[in-house]
Amino acid sequence: MPPVKPMLAKSVKKIPPGMQYEAKWDGFRAIVHRDGPELVIGSRTGKPLTRYFPELVTALPPRLPERCVIDGEIVIAHEGRLDFDRLTERIHPAASRVKTLSERTPARFIAFDILALGDESLMDTVLVERRAALEEALRGADAPVHLAPSTTDIEVARGWFDQYEGAGLDGVIAKPLDLLYRPDARLMYKIKHERTADVVVAGYRFHKSGPVVGSLLLGLYDDRGTLQHVGVCAAFTGKRRAELIDELEPLRMDPPGGHPWAAWADEAAHEAARLPGAPSRWSGKKDLSWVALRPERVCEVGYDHMEGSRFRHTAQFRRWRPDRTPESCGYGQLEEPVSYDLDQVLSGGGG
């Protein structure tokens with residue numbers, strides 16, 4: 001019975017041998033419970049996503065067994081690749097807006113595990129047997145419900161790791177063949193792309209613990225010479241957070257007049273440029289204020305991949321780059337994955 005939290009993965013550097021491999025989907029993790037006419041789509045936190053995806057509420061029942069619990073990912077594709085920004089637009093309080101978006105950019109469900117079938121729980125069944133049950137359960141299912149391609153061939157998995165990023169996927173998941181399903185436990189392995197970039201540090205936010213640095217605000221110059229906000233880097237130790245306050249104090253602009261992002265509090269300004277503090281349904285009442293710094297320092301960060309013109313996830317601070325000028329930090333340094341159509345990924349089948 002819902003809610004059930006999904007099994008999770010821990011990061012490793014290399015693809016481990018002797019496992020089942022799948023692409024790592026960049027969407028909303030979802031566990032679907034169907035019992036006859038009843039359907040619940042649970043999120044990673046256990047809260048229901050059902051109201052945000054009415055098209056899946058309609059599409060899932062005729063494509064799933066009468067009674068089942070299936071683990072997977074909700075994704076939205078645009079121009080042949082996953083689009084996380086369009087997916088986040090669905091988390092909206094207005095049912096009319098959700099309905100409009102469901103018709104304009106319909107979601108898909110990618111199934112990759114099965115927890116129960118009929119009256120039987122499969123959580124104590126090993127992965128290879130669960131995979132066989134999932135393939136049988138989804139035999140004949142069609143879009144927008146898809147069976148995630150899988151393989152036990154590590155060379156195929158390495159090929160997926162290189163190719164599938166072009167369709168918006170962000171790595172590979174490796175699962176031990178004898179793995180039992182354990183909610184909220186990190187028993188799988190995720191291998192994600194990691195790259196580095198030199199970026200301009202143009203501000204910071206305070207940490208929730210007090211007047212120390214929580215995250216650095218990062219920028220890159222576009223072709224017009226405009227500094228665009230591309231994300232943040234964080235994960236500093238408590239000692240380092242305090243040190244950064246003193247280290248960055250000479251660059252502080254208070255008030256921030258003349259800063260490239262000085263208009264951040266004006267909602268209309270976000271339409272013309274990427275600025276920190278953009279209104280978001282995810283942020284709610286969260287304090288989005290930040291401390292402006294003269295954009296004169298450059299640091300190197302590690303990141304996995306881009307979502308449009310920004311870092312998809314929080315970047316990792318690597319080192320200061322006193323040898324780089326801020327003006328030299330542009331989008332041209334970023335590696336662009338070769339385009340790969342999402343439908344080709346979904347037609348890959350099992351290995």
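Colleague: Leaving aside the neighbours within four places in sequence, which residues is Arg-130 in contact with?

Modeller: Arg-130 is in contact (heavy atoms within 4.5 Å) with Met-7, Asp-113, Ile-114, Leu-122 and Thr-125, and also with Leu-179, Leu-180 and Tyr-181, once those sequence neighbours are set aside. Please keep in mind that this is a predicted model, in which local features need pLDDT of at least 70 and side-chain atom pairs count only at pLDDT 80 or more, while totals for chains, interfaces and linings use all residues. Residues are numbered from 1 along each chain as its sequence is written, and side-chain values use heavy atoms, with hydrogens and water left out.

Colleague: And where does Arg-130 sit, and is Arg-130 buried or exposed?

Modeller: Arg-130 belongs to helix α4, which covers residues 127-137; helices (H or I, at least four residues) and strands (E, at least two) are DSSP runs numbered from the N terminus. The relative accessibility of Arg-130 is 0%, so Arg-130 counts as buried (under 20% relative accessible area, with exposed meaning over 50% and partly exposed in between, for a 1.4 Å probe and protein chains only).

Colleague: Switching to the hydrophobic side of things, how many residues has the largest nonpolar core, and which have the most contacts inside it?

Modeller: The largest nonpolar core (buried Ala, Val, Leu, Ile, Met, Phe, Trp, Tyr and Cys residues joined through side-chain atoms within 4.5 Å) has 38 residues, and those with the most contacts inside it are Val-199, Tyr-204, Leu-216, Leu-218, Leu-248, Val-301 and Phe-311. Two or more residues of this core come from each of β14 (195-207), β15 (210-221), β16 (227-234), α6 (238-248), β17 (291-303) and β20 (315-320). Of these, β17 gives the most, with seven residues.

Colleague: What does Leu-216 touch, beyond residues up to four places away in sequence?

Modeller: Leu-216 touches Val-201, Gly-203, Tyr-204, Gly-231, Val-232, Cys-233, Phe-236, Leu-248, Phe-317 and Trp-320 on that basis. Another core, of 29 residues, lies apart from the largest one and includes Ile-70, Ile-74, Ala-111 and Ala-137.

Colleague: Back to α6, which of its residues are buried?

Modeller: Arg-241, Leu-244, Ile-245 and Leu-248 are the buried ones in α6. They cover an arc of only 105 degrees around the axis, so they lie on the same side of α6, the arc being that of the directions from the helix axis to the C-beta atoms.

Colleague: What covers those buried residues of α6, and which exposed residues are on the face turned away?

Modeller: The cover over the buried residues of α6 includes β14, β15, β17 and β20, whereas the face turned away from the buried side carries the exposed residues Lys-239 and Asp-246.

Colleague: Now the backbone: which peptide bonds are cis?

Modeller: The bond from Ala-143 to Pro-144 is cis, with omega near 15 degrees, and Pro-144 is in the loop between α4 and β10 (145-147). The bond from Asp-254 to Pro-255 is also cis, with omega near 10 degrees, and Pro-255 is found in the loop between α6 and β17.

Colleague: And which residues other than glycine have a positive phi?

Modeller: Asp-184 has a positive phi of about 65 degrees and is placed in the loop between β12 (171-176) and β13 (186-192), where its relative accessible area of 47% makes Asp-184 partly exposed. Ala-235 also has a positive phi, near 65 degrees; Ala-235 is in the loop between β16 and α6 and is exposed, with a relative accessible area of 59%.
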